[in-house]
Amino acid sequence: SKQAGRYIGARIRFLTIASFMKPGTGVEVEGLVARPDLNGMSATVLGYVPEKDRYHVKVVGSGEEVCLKPTSVAKITTYPPGSCGNCGAAPVKPAGKLKNCAGCFAVAYCGSECNTAHWQRHKAACKARMEVSARINFKEAKEALDLGRPDGHVYCSVNWATMAADGPKMQPWSMEGESKKLFIVKVQIPVDLSLKFSPPRRAATSFASCMAKGRPAYSIAIMCYDKTRDVRINVPCSMTSVFDVLAIAVESQGVKLRDSGRGVKAYFNARLIDDGEVLLIDASTAVPPPPW
């Protein structure tokens, strides 16, 4: 090209790669010297900045936005659902079966060889996804809800579609083949409707508020349930790590309350793991609100 009376040279790779990396493309960060902590991380292309010859990308998990050279991003080869995350092969039915990554459960492999071969590329993304995922053990949640509750009191919510009162699920599920399949859950954080602006919900401040007011921890809890409410549980603020992961995800990605600027409810992909004893919610990215 000619600019200000001068000819500017550019590497063919730079001119070619920009046309491939469209917004929304999944990439992997590599070769950074100043920010080695980002190497191996998955990111999403937000756009290309031609005057800087940089890609504007958003890191998966942390949400950090950075501008990187084309040589520092590699397009991620994605395979359709039901295929191996390493080789792309689909299992041969009826004997074949993919095995999920034991960490994030977001990627599946056709065998241990593909799992091992893909680990170095998947490790950073796996860790990032696990940090923004909530693992809710139903037994632990029930025990936390029961702690300090007066005899005869039942923690429940009202299903406005059926006008029925739904309590938290008391026991693990026997899934019989349904375990680890994805479904959508609604996650709703507690708010003080008497306030014009909903205060940020964090486990520490919520728990301290309960103690100061002489209220049990279960009085501030996050509701999680699916369409049929076969899967439903309440996460009290005493379960600090899970509470914070869900609260932060909902506030940043969920449906906003009035003019507060913070979300109060959001929908995420989830699955049952550990023989139905644990609900795993992927809070990294909210999904569009379903019709229900």
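A disulfide is a pair of cysteine sulfur atoms within 2.5 Å. Keep that cut-off in mind as we walk through this structure, which is a predicted model.

Let's start with the cysteines. The sulfur of C126 has its closest cysteine sulfur in C101, at 3.8 Å. Because that separation is too far for a bond, the two remain unlinked. C126 is buried, and its relative accessible area is 3%. A second place to look is C87, which is in no disulfide either: the nearest cysteine sulfur belongs to C84 and is 3.7 Å away. In contrast to the buried C126, C87 counts as partly exposed, at 38% relative accessibility. For the structure as a whole, the number of disulfides is 0.

Next, the aromatic rings. A pair of such rings is described by the distance of the centres and the angle of the planes. You will find 2 aromatic pairs here. One of them joins Y48 and Y55 in a tilted arrangement, with 5.0 Å centre to centre and 55° between the planes. Its two members sit in unlike surroundings: Y48 is partly exposed, with a relative accessible area of 28%, whereas Y55 is buried, at 0%.

The pair of Y267 and W292 is edge-to-face, with 90° between the planes and 5.6 Å from centre to centre. This contact links distant parts of the chain, since its residues are 25 apart. Y267 belongs to strand β17 (residues 263-273), while W292 lies in the segment after β18 (278-282). Y267 counts as buried at 8% relative accessibility, and W292 is partly exposed at 34%.

One more ring deserves a visit, this time for its charged neighbour. R229 lies over the face of Y225, at 3.9 Å from the ring centre.

Finally, let's turn to a sheet. Strands of a sheet pair through backbone hydrogen bonds, either parallel or antiparallel. Here 5 strands form an open sheet with antiparallel pairing, and their order is β6-β5-β4-β3-β7. At the edges are β6 (65-68) and β7 (73-75), each of which pairs on one side only. On average, neighbouring strands of the sheet are turned by 45° against each other, with direction ignored.

To see one of these pairings in detail, follow strand β5 (residues 54-59), which runs antiparallel to β6 and is joined to it by 4 bridges. If you would like a specific spot to centre your view on, try K58, whose bridge partner in β6 is E65.

Notes. Residues numbered from 1 in each chain as written. Predicted model: local features only at pLDDT ≥ 70, side-chain atom pairs only at ≥ 80, totals over all residues. Heavy atoms only, no water. Phe/Tyr/Trp six-rings, centres within 6.5 Å; stacked < 30°, edge-to-face > 60°. Buried < 20%, exposed > 50% of the residue type's maximum accessible area, 1.4 Å probe, protein only. Helix = DSSP H or I, 4+ residues; strand = E, 2+ residues; numbered from the N terminus. Lys NZ or Arg CZ within 6 Å of the ring centre and 35° of its normal. Pairing = 2+ DSSP bridges. Axes fitted to C-alpha atoms, helices over the stretch in contact; angles between N-to-C directions.
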